[in-house]
Amino acid sequence: MKAWWESLATRERALISGGAVVALAVLGYLLIWEPFQTRHRQLQQSVAEQRADLAWMRQAAQEIQRLSGAAQPKSDGRSLLTLVDQTARTAGLGAALKQIAPQGDDKLSARLDRVEFDKLLPWLGALEREHPIVLINLSVDRTETAGLVNARVILQGSQP
């Protein structure tokens, strides 16, 4: 290779050297600079899209907070024990409600024997929907009579 290079005229050497520099510059542009610029543009677009998503999420979070605050059931001042007893009787479960036992300030357990399953679930749903009460545990055993169950529930209420 060295002998070939030395056999070239000065003008040819300059032409080949100039072509090599131009080829390296074109390769550098195509292999380094252009991919870098393309990726940079893609990242800028991605950041803009993510910022728009973040703005939408913040707005949605504020809307959720506003709506959840409005939909939160308010305590009417009755104790959890009284509230559970009264709502059970209103729902037609008074005869089945055999025991209510407090478990601390904001929890209680209740035992219902031979209760209609079709009345039990709507009553529990109404407790959570209409009052600041959360169902912690539900244990249901079927009885020999179709449609009747024995149930044990643990409910938690918020402090007034």
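Let's start with the salt bridges: this predicted model holds 7 of them. Side chains of opposite charge can pair when their charged atoms come close. Three of these pairs are worth a walk-through.

Take Asp141 and Arg152, whose closest N and O atoms are 2.7 Å apart. This pair links distant parts of the chain, with Asp141 sitting in strand E3 and Arg152 in strand E4, 11 residues apart. How open are the two partners? Asp141 comes out as partly exposed, at 36% relative accessibility, and Arg152 is partly exposed too, at 35%.

Next, look at Glu144 and Arg114, which meet through their side chains in a salt bridge at 3.5 Å, N to O. Which parts of the chain does this pair tie together? Glu144 belongs to the loop between strand E3 (133-142) and strand E4 (148-157), while Arg114 belongs to strand E2 (residues 107-116), so the contact ties together parts that are 30 residues apart in sequence. Glu144 is exposed, with a relative accessible area of 72%, whereas Arg114 is partly exposed at 42%.

The third pair is Asp113 with Arg111, again a side-chain salt bridge, with 3.4 Å from N to O. Here Asp113 has a relative accessible area of 21%, which makes this residue partly exposed; remember that buried means under 20%. Arg111 is partly exposed as well, at 31%.

Now move to the aromatic side chains, where the count comes to 2 aromatic pairs. One of them joins Trp4 and Trp5 in a tilted arrangement, 6.4 Å centre to centre with 55 degrees between the planes. Trp4 is partly exposed at 42% relative accessible area, and Trp5 also counts as partly exposed, at 32%.

Trp33 and Phe36 form a tilted pair as well, this time with 5.8 Å centre to centre and 40 degrees between the planes. Both of these residues lie in helix H2, 3 residues apart, or about one turn of the helix. Why does that spacing suit a pair? An α-helix has 3.6 residues a turn, so residues three or four places apart point the same way. Neither ring is hidden away: Trp33 is partly exposed at 45%, and Phe36 is partly exposed at 48%.

Trp33 and Phe36 turn up again in a nonpolar surface patch of about 1,100 Å². Who else is in that patch? Val22, Leu24, Val26, Leu27, Tyr29, Leu30, Leu31 and Ile32 make it up together with those two aromatics. Pick out Leu24, for instance: this leucine lies in helix H2 (residues 10-71) and is exposed, with a relative accessible area of 62%.

Finish with helix H4, which runs over residues 117-130. Its 14 residues reach 20 Å from the first C-alpha to the last, close to the 20 Å expected at 1.5 Å a residue. Which residues of H4 are buried? They are Leu120, Trp123, Leu124, Ala126 and Leu127. These residues cover an arc of only 160 degrees around the axis, which puts them on the same side of H4. Over on the other side of H4 you'll find Asp118 and Arg129, both exposed. So when you turn the model to look along H4, the buried residues share one side, and Asp118 and Arg129 are exposed on the other.

Key. Residues are numbered from 1 along each chain as its sequence is written. This is a predicted model: local features need pLDDT of at least 70, side-chain atom pairs count only at pLDDT 80 or more; totals for chains, interfaces and linings use all residues. Side-chain values use heavy atoms; hydrogens and water are left out. A salt bridge is a side-chain nitrogen of Lys or Arg within 4 Å of a carboxyl oxygen of Asp or Glu. Buried means under 20% relative accessible area, exposed over 50%, partly exposed in between (1.4 Å probe, protein chains only). Helices (H or I, at least four residues) and strands (E, at least two) are DSSP runs, numbered from the N terminus. Patches are made of residues with over 30% relative accessible area and no salt bridge: like charges are joined within 9 Å, nonpolar side chains (Val, Leu, Ile, Met, Phe, Trp, Tyr) within 5 Å. Accessible areas come from the Shrake-Rupley method with a 1.4 Å probe; for residues, only the protein chains shown count as cover. Rings of Phe, Tyr and Trp (its six-membered ring) pair if their centres lie within 6.5 Å; planes under 30 degrees apart count as stacked, over 60 as edge-to-face and the rest as tilted. The expected span of a helix is 1.5 Å times one less than its number of residues. The arc is that of the directions from the helix axis to the C-beta atoms.
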